[in-house]
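Trainee: I'd like to go through the pockets in this one with you. Can we pull up the model and take it step by step?

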Amino acid sequence: DTGGGGMAALALLVAPAAWAFGSVWSRRLPMPSGLMTPATQMLSAGVMMLGVSFALGERMGDGVPLRAMVSFVYLVVFGSLVAFSAYAYLLRHARPALATSYAYVNPAVAVLLGVVFAGETLGPLTVGAMGAILLAVMLLARGKR
């Protein structure tokens, strides 16, 4: 079932707006230097999400498959430690529009990873959409600083 009801739809609308607001607002806040900013943000979010998980009664099932654990480690290292730290760095040293351009590039990278590692096929609509995404990122990168 892919339906989540009204709360899921609301979360899908509020989450990106909150992320964008936080990205712009963080440039005006006094933040610790170096990697302490993303580390504090990730630890705070992790503790809050753990609390929500316990409050909702979510529990880990028995026997986590090896593929799931490898995926989890990959996401911790590259999706959080590397990517989020790079994002925090970019927020401090580049325009917010350029720093948030990852959101346009990530889907194209995910599609290409699916082709390479999962044997997925690309249709003409997907290729056209990826071209439009990459063109938009290029225009953002060329924009006035």
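Mentor: Sure, and let's fix the residue classes before we start: Ala, Val, Leu, Ile, Met, Phe, Trp, Tyr, Cys and Pro count as nonpolar, Asp, Glu, Lys and Arg as charged, and the others, Gly among them, as polar. Keep in mind that this is a predicted model.

Trainee: With those classes, how many charged residues are in the lining of the second largest pocket?

Mentor: That pocket holds about 320 Å³ of space. Of the 16 residues lining it, Gly-22, Ser-23, Ser-26, Met-31 and Gln-41 are the closest to its centre. By class the lining has nine nonpolar and five polar residues, and the charged ones number two.

Trainee: Which helix gives the most to that lining?

Mentor: At least two residues each come from α1 (5–26), α2 and α3. The top contributor, with six residues, is α1.

Trainee: On to the largest pocket: which helix supplies the largest share of its lining?

Mentor: The space there is about 770 Å³. Among its 25 lining residues, Phe-78, Gly-79, Ser-80, Ala-83 and Phe-84 sit closest to the centre. α2 (36–55), α3 (66–93) and α5 (102–118) each supply at least two lining residues. The largest share, 12 residues, belongs to α3.

Trainee: And how many nonpolar residues are in the lining of the largest pocket?

Mentor: No charged residues turn up in that lining, and five are polar. The nonpolar count is 20.

Trainee: Which domains does the largest pocket lie between?

Mentor: Look at who gives residues to the lining. Two domains both do, so the pocket lies between them: domain 1 (64–93) and domain 2 (95–144).

Terms used: Residues numbered from 1 in each chain as written. Predicted model: local features only at pLDDT ≥ 70, side-chain atom pairs only at ≥ 80, totals over all residues. Heavy atoms only, no water. 1 Å grid on protein atoms, 1.4 Å probe; cavity = no way out; pocket = protein on both sides within 12 Å on 5 of 7 lines; lining within 4 Å. Points joined across faces, edges and corners; volume = space filled by probe spheres on them. Helix = DSSP H or I, 4+ residues; strand = E, 2+ residues; numbered from the N terminus. Domains from an automatic or database assignment.
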